[in-house]
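Dear colleague,

I am handing over the structure we spoke about, and below it you will find what I found when I went through it. Please keep it open beside this message while you read.

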Amino acid sequence: MSERENKERDKAEQEESLDDYLFEDDDEEEIFIDYICVDCQCLDPVPEFIVAECSYDLKPGEKPEFFCPECNGTLVRKKEPAEE
Ligand SMILES: [Zn+2]
């Protein structure tokens, strides 16, 4: 293998790791909380930050309510978080 080929290979590897970095940066660890419709069992994952925003105005102990995109029924949280 010539030195030139080595350099080109190194360059390709650098570009690859840059792509990985950009992808991870773009992918901001979004957490979804599974909500499930009590009427049609449709699963509708809601991003955690939406749940947090909707919980903000509620009294302690109240839970945000979401509605099924399929039948407009009530969505319930599929599993409660361990700390509750
Ligand atoms: Zn439904």
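A word on terms before anything else: the helices and strands named here are DSSP runs, a helix having at least four residues and a strand at least two, and they are numbered from the N terminus. Please also bear in mind that this is a predicted model.

With those terms in hand, the protein has two helices and four strands, and from the N terminus on these elements follow one another as α-β-β-α-β-β. Of its 84 residues, 4% count as buried. Among the contacts with a separation of 6 or more, 53% are accounted for by residues 24 or more positions apart.

Turning to the sheet, it may help to recall that strands pair through backbone hydrogen bonds, either parallel or antiparallel. Here the four strands form an open sheet in the order β2-β1-β4-β3, and the pairing is antiparallel. Because β2 (43-47) and β3 stand at the edges, each with a single partner strand, one side of each is left without a neighbour in the sheet. Helix α2, which covers residues 48-56, packs on the sheet and touches β1 and β2, while its direction makes about 75° with that of β2.

Looking at individual pairings, strand β1 (residues 32-37) runs antiparallel to strand β4 (residues 74-77), and three bridges join them; in this pairing Cys37 stands opposite Leu75 in β4. Strand β3 (residues 66-67) also pairs with β4 in the antiparallel sense, over two bridges, and there Phe67 has Thr74 of β4 as its bridge partner. These two strands, β3 and β4, form a hairpin with six residues between them, and in the turn Asn72 has a positive phi of about 65°.

One residue makes a good exercise for reading the model. Is Ala52, a residue of helix α2, buried or exposed? A residue counts as exposed if 12 or fewer other C-beta atoms lie within 10 Å of its own, and Ala52 has 12 C-beta neighbours inside 10 Å, so Ala52 counts as exposed. You can also locate Ala52 relative to Lys63, which is 11 residues apart from Ala52 along the chain, with 10.0 Å separating the C-alpha atoms of the two.

With best wishes

Terms used. Residues are numbered from 1 along each chain as its sequence is written. This is a predicted model: local features need pLDDT of at least 70, side-chain atom pairs count only at pLDDT 80 or more; totals for chains, interfaces and linings use all residues. A residue is buried if 20 or more other C-beta atoms lie within 10 Å of its own, exposed if 12 or fewer, and partly exposed in between; C-beta atoms are placed from the backbone. Two residues are in contact if their C-beta atoms, placed from the backbone, lie within 7 Å. Two strands pair if DSSP finds at least two bridges between them. Axes are lines fitted to C-alpha atoms, for helices over the stretch in contact, and angles run from 0 to 180 degrees between N-to-C directions.
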